[in-house]
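Biologist: Please take one part of this assembly and look at it closely. I would like to know how it is built, what it touches and what surrounds it.

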Amino acid sequence: MMLAALVQRLAQMLFVMFGISVLVFLIFFATPGSDPAARIAGKNAAPETLVAVRHDFGLDQPLPVQYAVMMKKLFVTHDLVSFVNRGLKVVPAIIEAAPVTLSLVFGAAVFWLIGGLAVGILAAAWRDGFVDRILMILSLTGVAIPVFWLGEMTNLLSQNRLHDTLLFSWVPALGYVSLHADPTGWFKALLLPWLTLSLGFIGIYGRVLRANIVETYQEDFIRTARAKGISETRVLLRHALRMSLVPFVTMFGLDFGALVGGGALVTEVIFGLNGVGKLTYDSLQSLDLPVIMASVMYASFFVVLANAIVDMTYAVLDPRTRSH
Amino acid sequence: MATEPAFGSAVPTLSDDSRARGPWTQALHRFSRDGSALAAALVLVVVVVASLLAPIYAGRIAGVDPFSSNLEGEITLAGENIPVLAPSTEGLGIGVIPIGPTWQLNTYFLGADEQGRDVLARLLYGGRATLFIGSASTAITLVLAAFVGICAGFFGGWIDRVLSRVLDILWAFPIYLLAISLSIVLLNSRIELGPLVIDSSSLIIPIIIIGVIYVPYVARPIRGQVLALRKSDFVTAAIGLGVPPHRILARDILPNVITTLIVFVPLMMALNIATETALSFLSLGVQSPGASWGTIIRDGQSLLYSRPWVSTAPGLVIIVTIVALNILGDGVRDAFDPRAKLRP
Amino acid sequence: MPTPLLDVQGLSISFAGRNGPIKVIEDLCFQVNEQETLCIVGESGSGKTVALLSMLGLLDPLSSRVEGSASFKGANILGASQETLRQIRGREIALISQDPMTAMIPVRTVGWQIVEQIQAHNGLSRRAAWNRAIELLGEVGIANPRMIAGQFPHQLSGGMRQRAMIAMALSCNPSLLIADEPTTALDVTVQAQVLDLLRRLRRDFGSSIVLITHDMGVVAEMADRVLVMYAGRIVEHGSCDAIFADAWHPYTWGLLDSIPPLDGPRPDRLVSIPGSPPQPDKRPPGCVFAPRCHARIAACAEPPPRQLADGRDALCVIDYANRHAGRSHPVHTMDQSA
């Protein structure tokens, strides 16, 4: 039974990814008025150049053939090559950029998990009081701050205005430092990006968690728990929080998956981190179609995977969903 | 038995409090007593009015044209003539640096950008673009989502399967990537649909893109709601009695869906404004020389260290607007579905 | 006269309403003695549950105000500190809730939940507590306690869930057990089993039980003494035998008359008390029951006096002299107007 469900799930995932690959392909290769050859060759290219480019890149083949060729190069022969930078093999480029993104996202995730839990629990523990109101207003503000603007402001303060003060003198120049080469440098280069990226998430998660805990407090089993004579802290943490974890974990899984796939591209661009997001962004700007295809597939793979993992965690978190 | 004292009958009469208020009047009443929601609404009104008055400000008060470059201009400040773009004395001493904030409403209140344009005037015009795109795309999202959600939830069967699959694929596509991809492609091509020609600088493109990408976000809850309603007793009874589907939809399903949509309006506006400003920041939203809060932040990037107000001001305005929209959104939701917050 | 286990005097409870506080419970006085079963009976909304919850300090302090005094084993509990209350809850006074499905946390096993209560009050090791939990599950009549302890609430049947709740409540040998409509959510056959269980446990453990119910049949089976509540007041109180043989208050008459008869001629219609209880904020100034009472007189516009006798009382103007006449006057059936 379990195997059948797993296989079905896998098939669903593959179907969705296939759909996405077709969608991306169509967007870039088939939108009316879009002509990849014209974009590659440049604005005022001669007709002969266009023909040559088309032939070169296989763009004179019918659409399904182009799609098949590109998919083959991506998944089977792994020799997909960039349109713009002819020497660049796409898959290795992504693999090289991945650790940067992973460093950024993991670090930010640690901050936003701790921050979100703290804000949600504290606000719920002292609900309707002063602490609660302050935390909720701060969370709301955090959510409203555009990430790119916050990154700019952070750079303004840490790189320029306050760079000489004790607070920010340790901040290195923008860019990524390899973990193996220089762990301290890696940490220092990433600290501000982590905080910038996680602020908005702390706001969202704090608010959602508080709302869920407060709602859970209305349930009967909370009254039973109190009537059993356990401490109020234990009621909050072992009963109310425990029941509120399901939506929290769900959201986390989906957000994390989206970011690992390159969803933090604005943060990467502003802080000069050469991760998958920046790679995607650059390829989009230069209309480097193979890289675009590869990056989008890479990103959606993680989104789809995250969805599947999140569904599986339901069974762990809530025994009622397990089939007995 | 003694004479009947005036007790009232054994069957209780309707209490005089239930002035049979419809749910809409009740919601309005609750909303009108929500202090923070009203304050947020007021803030939003101020923002909208200020943006709408942009032409008046630019034309009458500041006397500038916020869309054309003003590289040679001069302004009079405290009797002195100061060029708008002065030779730079910072760093390597090359290039020009625009004038900083004068804090005077009639001229370059927030200073100039690197094209010599009045930042405050552009900020107000930017408000028009951003708010317009935000509202229009919200309208598109809600209408499409309602349509898809109701079809999928009410009719079920293969319609539901197909629509859900499409929503799944759409939603699995990382949303910013989708927005960026569509923007890049559509901005680089002229779209000709018969007699309709959509220029790449038209605002229609970001409106439609942002409107479409968030459809799954709203369509799913609506579909869930319609599914639940369809399984409810009164709808099952109506179907059994032979009430035609369009009546059931109009009378039972639609009013509930509309309530959900109303709650979504401020939240989607906040989300869409955030997306629009991000796209414009990436040069994929509003195109030059047009202004949006996002483009101004982008314009201020190169001036970040020398003239930080160019980037800072739009960010602050975005924050205030989105916070106000979220508070308003909470208020609207509470107005329709209050948790009994009893206060002694 | 030994000290009562629980002694409540002048208990009044108000809830926050839209236009100011609403008095839900009005001047309640009652005692619970050692080793007895007290049944509190009344319609929904009479305040039965609220009154008992306030004993344990389980009402929301932000939206409720509790006045009066209550002492448990001689010590004041209404104004007691949070820590004192926490120690009393579960150990001295235990609560069995109405719906065991929602009353237990769904993501923890039954055994875990019982162990949590045990460990909150005893310094037992986890294993010892777990074994004790299994023991308790066995004592409440569960056939395979070791297996059941490892199951989740949704995996058990309604009757077993309630038994598990009872086991949990008894885990620390409380002196007082508050059972809030313990059989309402159960099938009739299971009801009988659970009541048997409660009776047996009361004997074996020696605790007192306050049993809240709206079912006179349960009262007849279980009660030593009975409190009849209506609209936030105690309208009648007495021993179970006395109440059933010779009730004093017209409301109690209505409750007793509405029990479908097992023998005798088959009535055309079932008897019921016309109307419904008033909303807490719309209670009449005089006798609360007067609008629905078939025996009311002009004097009922004033607050009624309390008729007292040995071990019983009733909140009614009808005194001994007029009682028989009032009682024999037929109670209205559903299609007759006031």
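Modeller: Chain B has an accessible surface of about 16,700 Å². Carbon and sulfur atoms hold 65% of that area. Bear in mind that this is a predicted model. The chain is 344 residues long, and 47% of them are buried. Its secondary structure consists of 12 helices and six strands. Take the contacts in chain B with a separation of 6 or more: 69% of them are between residues 24 or more positions apart.

Now go into chain B, to helix α7. This helix covers residues 204–213. Is it enclosed or open? Seven of its 10 residues are buried, so α7 of chain B is largely enclosed by the rest of the structure. The buried set contains four isoleucines from the start and middle of the helix, I205(B), I207(B), I209(B) and I210(B), and also I213(B). P206(B) and G211(B) complete the set.

Next, follow chain B on to helix α10, residues 245–281. L249(B) sits in this helix. How far is L249(B) from I208(B)? Their C-alpha atoms are 27 Å apart, with the two positions 41 residues apart along the chain. What does L249(B) touch instead? Set aside neighbours within four places in sequence, and its contacts are I150(B), F154(B), L254(B) and P255(B).

Chain B also meets chain A through a pair of helices. The partners are α1 of chain A, residues 2–29, and α5 of chain B, residues 157–172. Their axes come within 9 Å and cross at roughly 70°. An angle from 65 to 115 degrees counts as roughly perpendicular, which means that α1(A) is roughly perpendicular to α5(B). The crossing of these two helices is right-handed. Which residues make the contact? From α1(A) come Q12(A), F15(A), V16(A), G19(A) and I20(A). From α5(B) come R165(B), D168(B), I169(B) and A172(B). By type, the contact residues of α1(A) and α5(B) split into five nonpolar, two polar and two charged.

The partner chain deserves a look of its own. Chain A has 13 helices and zero strands. Every element in its order from the N terminus is therefore an α. The chain has 324 residues, and 50% count as buried. Its C-alpha atoms fill a box of roughly 85 × 65 × 40 Å along the principal axes. The accessible surface of chain A is about 15,100 Å², and 68% of it belongs to carbon and sulfur atoms. For contacts in chain A between residues at least 6 apart in sequence, 68% join residues at least 24 apart.

Chain C adds two backbone points to check. Most residues other than glycine have a negative phi. K73(C) is not a glycine, yet its phi is positive, about 50°. This lysine lies in the loop between β4 (64–72) and β5 (75–76) of chain C. K73(C) counts as partly exposed because its relative accessibility is 47%.

E181(C) also has a positive phi, about 45°, and is not a glycine. Its loop runs between β7 (176–180) and α8 (188–205) of chain C. Is E181(C) buried or exposed? Its relative accessibility is 8%, so E181(C) counts as buried.

Technical notes: Residues numbered from 1 in each chain as written. Chains lettered and ligands numbered in written order. Predicted model: local features only at pLDDT ≥ 70, side-chain atom pairs only at ≥ 80, totals over all residues. Heavy atoms only, no water. Buried < 20%, exposed > 50% of the residue type's maximum accessible area, 1.4 Å probe, protein only. Axes fitted to C-alpha atoms, helices over the stretch in contact; angles between N-to-C directions. Parallel < 35°, antiparallel > 145°, perpendicular 65-115°, else oblique. Left-handed = near helix turned anticlockwise from the far one by under 90°. Contact = heavy atoms within 4.5 Å. Nonpolar A, V, L, I, M, F, W, Y, C, P; charged D, E, K, R; others polar. Areas by Shrake-Rupley, 256 points an atom, 1.4 Å probe, with all protein chains shown as cover.
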